[in-house]
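Open the model in a viewer and keep the sequence panel beside it. The stops below say what to select and what to look for there.

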Amino acid sequence: MATIKQIAEKAGVSSATVSRVLNNDASMAVSDATRARIFAAAEELQYKPTRLKRLKQEGMMASQQIGLLLSLSVEEESSDPYFASIRRGIESRCEELGLSIGKVWRLNSGMELQPGHQLSGLIAVGTIAQETIVHLIGHTDRVVLVDNWEQLSDYDSVHLNFRQAVNSVVDHLLHLGHETIAYIGGDSDEGFDPRTKHFKERLAKQGLLKEELILHAGDWSTNGGYEQMKALLLQKNRPTACFIGSDPMAVGALRALHEHGVDIPNEMAIVGFDDIEMSAFLSPPLSTVKAYTEQMGKTAVQLLMERIKGREASMEVTIETKLIIRESCGGLAANS
């Protein structure tokens with residue numbers, strides 16, 4: 001079996017350099033050519049073949065730098081746990097794999113987006129136009145879209161099963177006897193809010209759709225939920241249940257209902273979306289759809305890693321959700 005010294009002699013470097021390269025010492029500055037020469041020498045000398053294959057893969061990933069493109073500004077992301085959780089998943093999985101995030105762009109930063117064609121790949125979070133992606137990265141084969149609802153079949157993509165999520169909410173509310181059901185969301189464009197699209201389709205199928213009971217705040221903030229619930233309470237045909245597109249919006253909506261003396265859930269049943277930590281501690285505890293957003297981010301990194309390693313066919317991954325039943329919508333206080 002080959003030794004470190006023999007590999008060093010064949011590669012024309014020191015034994016210390018070979019040792020650090022074969023152990024993927026990230027603190028060591030070594031050129032890609034030198035790294036390749038060391039691995040080639042080790043392979044020729046049959047240095048622990050199984051371990052060498054793993055080391056080569058790890059070393060390849062450690063040398064990669066990827067880009068992260070976010071559709072939200074810093075302020076928007078800080079007020080929306082949904083996207084913050086996706087980013088947390090991306091960062092944690094990159095750390096586990098030794099991938100480096102070399103550049104971060106934000107669409108709403110007010111700054112010109114400079115290309116990063118030297119990057120090994122890109123993860124784009126949110127609905128982002130294809131022209132922007134191509135401008136920044138220069139190719140389409142190592143790009144993963146997360147929560148992007150443009151129909152871009154050339155890219156890998158990760159998104160939630162919103163149809164299943166909406167159906168689980170509507171099914172539960174119908175089971176409880178509600179027939180006048182409202183929706184409060186953040187974005188008025190169905191192309192950017194699949195919850196709106198699937199909600200309208202489902203209620204239309206049931207013959208229960210009332211367009212005047214579908215309200216949008218323009219953002220997903222607590223204040224947006226508060227203002228839209230106040231507007232909803234002014235409706236002549238007040239709903240008995242409301243599905244709210246994000247838990248932060250639901251927090252604001254609950255505040256508006258408390259201020260107007262509306263009994264929850266007897267006069268108004270509420271279901272949110274996200275299952276953020278505070279949801280279980282609200283008064284009453286919030287029924288909500290658990291969205292596995294951190295898993296979305298981790299899955300995106302995994303897909304990108306496969307692309308970097310050579311996978312050619314694009315893939316679409318759909319992450320399922322889970323309806324969490326608590327006191328805010330009535331029914332059994334158990335998970336559904």
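The tour goes through two sheets, then a serine, then some charged pairs. Keep in mind that this is a predicted model.

**Stop 1: the parallel sheet**

Begin with the six strands that form an open sheet in the order 2-1-3-4-5-11, where the pairing is parallel. Its edge strands are strand 2 (100–106) and strand 11 (316–319), and each of these pairs on one side only. From one strand to the next, the twist averages 15 degrees.

Now add helix 6 (residues 81–97), which packs on this sheet. Helix 6 touches strand 1, strand 2, strand 3, strand 4 and strand 5 (156–160), and its direction makes about 160 degrees with that of strand 2.

**Stop 2: strand 3 and its partners**

Select strand 3, residues 121–125. How many of its five residues are buried? Five of the five are, so strand 3 is largely enclosed by the rest of the structure. Show the side-chain directions next. In a regular strand the side chains alternate between the two faces of the sheet. Here Gly121, Ile123 and Val125 point one way, while Leu122 and Ala124 point the other way.

Add strand 1 (residues 65–70), which pairs with strand 3 in the parallel sense over five bridges. Two positions are useful markers along this pairing. Isoleucine 66 stands opposite glycine 121 of strand 3, and leucine 70 has valine 125 of strand 3 as its bridge partner.

Then add strand 4 (residues 143–146), which runs parallel to strand 3 and is joined to it by four bridges. Within this pairing, the bridge partner of isoleucine 123 is valine 144 in strand 4. To follow the connection, trace the chain from strand 3 through helix 7 (residues 130–137) to strand 4; this β-α-β crossover is right-handed.

**Stop 3: the mixed sheet**

Move to the open sheet of six strands whose order is 7-6-8-9-10-12 and whose pairing is mixed. Which strands stand at the edges? They are strand 7 and strand 12, each with a single partner strand, so one side of each is left without a neighbour in the sheet. On average, neighbouring strands of this sheet are turned by 15 degrees against each other, direction ignored.

Pick out strand 8 (residues 241–244) and strand 9 (residues 269–274), which run parallel and are joined by three bridges. Phenylalanine 243 has valine 271 in strand 9 as its bridge partner.

Two helices can be shown with this sheet. Helix 9 lies across strand 6 (181–185), strand 7, strand 8 and strand 9, and runs at about 170 degrees to strand 6. Helix 11 (residues 247–259) lies across strand 6, strand 8, strand 9 and strand 10 (287–291), and runs at about 155 degrees to strand 9.

**Stop 4: serine 328**

Select serine 328, in the segment after strand 12 (321–324). At 0% relative accessibility, serine 328 counts as buried. Its side chain reaches the backbone oxygen of isoleucine 270 at 2.7 Å. Leaving aside neighbours within four places in sequence, the contacts of serine 328 include Ile264, Pro265, Met268, Pro284 and Ser287.

**Stop 5: charged pairs**

Side chains of opposite charge can pair when their charged atoms come close. In this model the count comes to 17 salt bridges.

Start with lysine 10 and glutamate 44, whose side chains meet in a salt bridge with an N to O distance of 3.2 Å. This pair links distant parts of the chain, 34 residues apart: lysine 10 is in helix 1 (residues 4–11) and glutamate 44 in helix 3 (residues 32–44). Lysine 10 is partly exposed, with a relative accessible area of 42%, and glutamate 44 is exposed, at 56%.

Next, select aspartate 193 and arginine 195, which form a salt bridge with their closest N and O atoms 3.1 Å apart. Are these two residues buried or exposed? Aspartate 193 is buried, and so is arginine 195.

Go on to glutamate 211 and lysine 200, another salt bridge, with the closest N and O atoms 3.5 Å apart. Glutamate 211 is in the loop between helix 9 (194–206) and strand 7 (214–216), and lysine 200 is in helix 9. Glutamate 211 counts as partly exposed at 46% relative accessibility, whereas lysine 200 counts as buried at 18%.

Finish by selecting Asp156, Glu306, Arg307 and Arg311, which are joined into one network by salt bridges that share partners.

Note on methods:
Residues are numbered from 1 along each chain as its sequence is written. This is a predicted model: local features need pLDDT of at least 70, side-chain atom pairs count only at pLDDT 80 or more; totals for chains, interfaces and linings use all residues. Side-chain values use heavy atoms; hydrogens and water are left out. A salt bridge is a side-chain nitrogen of Lys or Arg within 4 Å of a carboxyl oxygen of Asp or Glu. Buried means under 20% relative accessible area, exposed over 50%, partly exposed in between (1.4 Å probe, protein chains only). Two strands pair if DSSP finds at least two bridges between them. A crossover is right-handed if, with the strands pointing away from the viewer, the path from the first strand over the helix to the second runs clockwise. A polar contact is a pair of N or O atoms within 3.5 Å; within protein, one must be able to donate a hydrogen and the other to accept it, and residues adjacent in sequence count only if both atoms are side-chain atoms. Contact means heavy atoms within 4.5 Å. Axes are lines fitted to C-alpha atoms, for helices over the stretch in contact, and angles run from 0 to 180 degrees between N-to-C directions.
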